[in-house]
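Student: I would like to work through this structure carefully, one element after another, and reason from the atoms to each answer.

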Amino acid sequence: MTRPAARAGRASADRLARLLNLVPYLLARPGIEIAEAAGDLGVTERQLREDLELLWVCGLPGYGPGDLIDMAFDGDRVTITYDAGIDRPLRLTPDEALALVVALRMLAETPGVANREAVERALAKIENAAGDLVGAPVEVRLPGETRRVQELRAAVERRRALRITYYTAARDESTERIIDPLRMLMVDGRAYVEAWCRRAEAVRLFRADRIDAVTELDEPAVVPPQARPHDLSDGVFRPSPDLPLITLRIGRGERWITEYYPCERVAADGEHWLVSLRVTDLGWARRFVLGLGPDVTVVAPVELAEQVRAQAVAALDGYATPPRPADPAGVTVTQ
């Protein structure tokens, strides 16, 4: 977290604590002057008035009259006329307690959670307070959670180097690498291990479901000082000008492409759209286009169009080859 973001987070936490304390304080002192309340609470009059304005829109679900916190002002004096139940300790129903426990367990199991210990402490407090309400056996598994993901997470937590066999879909090949894990991540429902790759001498993201084999080495993970985690706020794939640019003419049924992939240009071309986007390489683009169907035409580059045409022709030729005859015993005869 950057320093400005950290300061903003602390300010929000401080204000939340102040607002939670403000309602019971005002309930115990109806008609108190704003200046006196600001002095007691250690804030300026301006800050207190801003807090009171925020309280106007706080309350219970429904958020209409009778749901939101209400106040009455008489000059510089304020009185809480409806507290929305904030004066009472929070009591959870069995369903609410169980839902909160399940949510915290899922958060604790999510790869990449910054402060897992804080989540586990909060979970322990909720379970202790709820007692038998959450005694039912509940096992939380995230989408994509597999034995391989658990194995990788354990290795990351032990800070051990790993030897992996990894399938790279863009090049349709498997390679063996030694990696020094940095962290586990969950992005768009897929688990990744981010690590320093000794083969590439750079930080790389490895999809857990594409790691065909993994061996934990008897040596600690050693991450060079220059290694920096990726910024994944915009997703795993981040187009850059050095990547190949392809242009496709797509029909109405393939317009979903523009919603799922970052496009540099989308323009109307009669009843079709011209869509330009960056790809990791032309091998991936060829397989991508072949899987889209007949309502897609490659406009550029020419190299991609030729590759798609060549593979499509080869596939059609395979279907056109007549089946080889078989002998009466059912054994195929080589011609």
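The questions and answers that follow concern a predicted model.

Student: Which residues make the nonpolar surface patch of about 260 Å²?

Tutor: One member of the patch, leucine 20, lies in helix H1, which spans residues 3-27. With a relative accessibility of 48%, leucine 20 counts as partly exposed, and a patch residue has to be over 30% in relative accessible area. The patch of about 260 Å² is made by Leu16, Leu20 and Ile86.

Student: How many disulfides does the structure hold?

Tutor: Two cysteines can be considered for their exposure, and cysteine 58 is partly exposed, at a relative accessible area of 26%. Cysteine 263 also counts as partly exposed, with 27% relative accessibility. A disulfide would need a pair of cysteine sulfur atoms within 2.5 Å, and the number of disulfides in the structure is zero.

Student: Which strands stand at the edges of the open sheet with the order E1-E3-E2?

Tutor: The three strands of this open sheet are paired in the antiparallel sense, in the order E1-E3-E2. Each edge strand has a single partner strand, so one of its sides is left without a neighbour in the sheet, and the strands in that position are E1 (32-33) and E2 (70-74).

Student: Which residue of E3 is the bridge partner of methionine 71?

Tutor: Strand E3, residues 77-82, pairs with E2 in the antiparallel sense, and five bridges join the two. Within that pairing, methionine 71 has as its bridge partner in E3 isoleucine 80.

Student: Where do the buried residues of H8 pack?

Tutor: Helix H8 covers residues 282-290, and its buried residues include Leu282, Phe288 and Val289. Gly283 and Ala285 of H8 are buried as well. These buried residues pack against strand E9 (245-250), helix H7 (257-260), strand E12 (296-300) and helix H9 (302-320).

Student: Why is strand E7 described as largely enclosed by the rest of the structure?

Tutor: A residue counts as buried when its relative accessible area is under 20%. Strand E7 runs over residues 202-207, and it is largely enclosed because the buried residues among its six number five.

Student: Which residue in the turn of the hairpin formed by E6 and E7 has a positive phi?

Tutor: Strand E6 (residues 190-197) pairs with E7 in the antiparallel sense over six bridges, and arginine 204 in E7 is the bridge partner of alanine 195. Four residues lie between the two strands of this hairpin. The turn residue with a positive phi, of about 55°, is glutamate 201.

Key:
Residues are numbered from 1 along each chain as its sequence is written. This is a predicted model: local features need pLDDT of at least 70, side-chain atom pairs count only at pLDDT 80 or more; totals for chains, interfaces and linings use all residues. Side-chain values use heavy atoms; hydrogens and water are left out. Patches are made of residues with over 30% relative accessible area and no salt bridge: like charges are joined within 9 Å, nonpolar side chains (Val, Leu, Ile, Met, Phe, Trp, Tyr) within 5 Å. Accessible areas come from the Shrake-Rupley method with a 1.4 Å probe; for residues, only the protein chains shown count as cover. A salt bridge is a side-chain nitrogen of Lys or Arg within 4 Å of a carboxyl oxygen of Asp or Glu. Buried means under 20% relative accessible area, exposed over 50%, partly exposed in between (1.4 Å probe, protein chains only). Two strands pair if DSSP finds at least two bridges between them. Contact means heavy atoms within 4.5 Å.
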